[in-house]
Each structure stands twice: as structure tokens, then as C-alpha cells.
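Here is a set of exercises to work through with the model open beside you. Try each task on your own before reading the solution.

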Amino acid sequence: MATLSLTKRRSWGWFGAWLLVGAVYAVGLVGILSIGIFVLPVAIIGTVFLVRQPASLRGGPGFVAGLGLPPLYVALLNRGYGGPACQTNQCTQALDPWPWLAAGLVLVVAGVVVFVVRSRRSVQGTA
């Protein structure tokens, strides 16, 4: 039983690693004209490292969840709703946070659900 718990923890660790790689890809692709060119090599190196570890493929759905983190961050930054956002005499155009929140939540929830379902199936298959 202790081995099963250790395997579950390792699987969540691989999920977290793939989550990070997915988030870095999303940031790199969104910012391709600015910082993306410097961020994408880090994502590629992370992908190569993870793919070379056969056990890491269990956490693969974390990649999808990671793609949802940057949209969630954009939603957080624009939580004051769309329209002008003014602070100390400086006004900027804020984005409507709801589409960003929806996209981020769909990706994160989908990644977690797929991971949990696959984990349960693999545990039931070994029992």
C-alpha cells in the first residue's frame, strides 16, 4: 500500500513537471515577438528531458493544464472588467477577463480530469 502512495505522489510530480512545461510553451508562444524566442528553448529542453523519462508520460495531461495557466493570469490581471482602468491618472484599456477565465479553466480542469481518470484506471488495472 505504501508503494501505491509513493507511485501516486510521483505521478502528481510528473503532472506538475508537465504543467510547468505547458505553461512555459504558452508564455513563449504568446510572447513570440518579444520574450518568446528566449522562453521557447527552455520549454523545448524541458520537453526533451521529460520525454526521455518513460514514467513521466503518466503526467502528460499536465501539459494541457499548463496551457491554461497564462490565460488565468491574464484574467487575474484584468479582473477590474473591460473598459478603461485608471490608477493615479494613468488609464489603460483593460481586457474582459471572462473569456480568459473560461479558456484557462477549461484547459486546467480538462488536464486534471484526464489525469485523475487515467490514474484511477491504471490503479484499477493493477489491483
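**Exercise 1: An arginine and its distant partner**

R10 has its place in helix α1; helices here are DSSP runs of H or I with at least four residues, strands are runs of E with at least two, and both are numbered from the N terminus. Before going on, please note that this is a predicted model, in which local features need pLDDT of at least 70, side-chain atom pairs count only at pLDDT 80 or more, and totals for chains, interfaces and linings use all residues. Residues are numbered from 1 along each chain as its sequence is written, and side-chain values use heavy atoms, with hydrogens and water left out.

Task: Decide whether R10 is buried or exposed, and find how far R10 is from R58 in space.

Solution. Step 1: take the cut-offs, with buried meaning under 20% relative accessible area, exposed over 50%, and partly exposed in between (1.4 Å probe, protein chains only). Step 2: R10 counts as exposed because its relative accessibility is 52%. Step 3: from C-alpha to C-alpha, R10 and R58 are 9.4 Å apart, with their positions 48 residues apart in sequence.

**Exercise 2: The whole chain**

Task: Describe the order of elements in the protein chain and state what share of its residues count as buried.

Solution. Step 1: count five helices and two strands. Step 2: read from the N terminus, which gives α-α-α-α-β-β-α. Step 3: of the 127 residues, 28% count as buried. Step 4: turn to contacts, meaning heavy atoms within 4.5 Å. Among contacts with a separation of 6 or more, 67% join residues 24 or more positions apart.

**Exercise 3: Aromatic pairs**

Task: Work out which geometry the W12 and F15 pair has, and which helices the Y25 and F63 pair ties together.

Solution. Step 1: rings of Phe, Tyr and Trp (its six-membered ring) pair if their centres lie within 6.5 Å; planes under 30 degrees apart count as stacked, over 60 as edge-to-face and the rest as tilted. Five such pairs occur in the structure. Step 2: W12 and F15 are edge-to-face, at 5.3 Å centre to centre with 70° between the planes. These two residues are three apart in helix α1, so about one helical turn separates them. W12 is partly exposed at 43% relative accessible area, whereas F15 is buried at 7%.

Step 3: Y25 and F63 have ring centres 5.7 Å apart and planes at 70°, so this pair is edge-to-face. Because Y25 lies in helix α1 and F63 in helix α3 (residues 61-67), the pair ties together parts that are 38 residues apart in sequence. Y25 is buried, at 18%, and F63 is partly exposed, at 26%. Step 4: ring pairs also link W12, F15 and F115 into a cluster.

**Exercise 4: A buried glycine**

Task: Find which residues G111 touches beyond four places in sequence.

Solution. Step 1: locate G111 in helix α5 (residues 97-126). Step 2: G111 counts as buried because its relative accessibility is 1%. Step 3: leaving out residues up to four places away in sequence, G111 touches F15, P61, V64 and A65. Step 4: the C-alpha atoms of G111 and L67 are 9.3 Å apart, though their positions lie 44 residues apart along the chain.

**Exercise 5: The largest nonpolar core**

Task: Name the residues of the largest nonpolar core and say which helix supplies the largest share.

Solution. Step 1: a nonpolar core is a set of buried Ala, Val, Leu, Ile, Met, Phe, Trp, Tyr and Cys residues joined through side-chain atoms within 4.5 Å. Step 2: the seven members are W14, W18, V21, Y25, L40, A43 and L50. Step 3: α1 and α2 (36-51) each supply at least two of them, and α1 has the largest share, with four. Step 4: look at L40, which contacts Y25, G28, L29 and I32 when neighbours within four places in sequence are left aside.

**Exercise 6: The end of a strand**

Task: State how far A94 is from N78, C-alpha to C-alpha.

Solution. Step 1: A94 lies in strand β2 (residues 90-94). Step 2: A94 is buried, at 12% relative accessible area. Step 3: the C-alpha atoms of A94 and N78, 16 residues apart along the chain, are separated by 5.7 Å.
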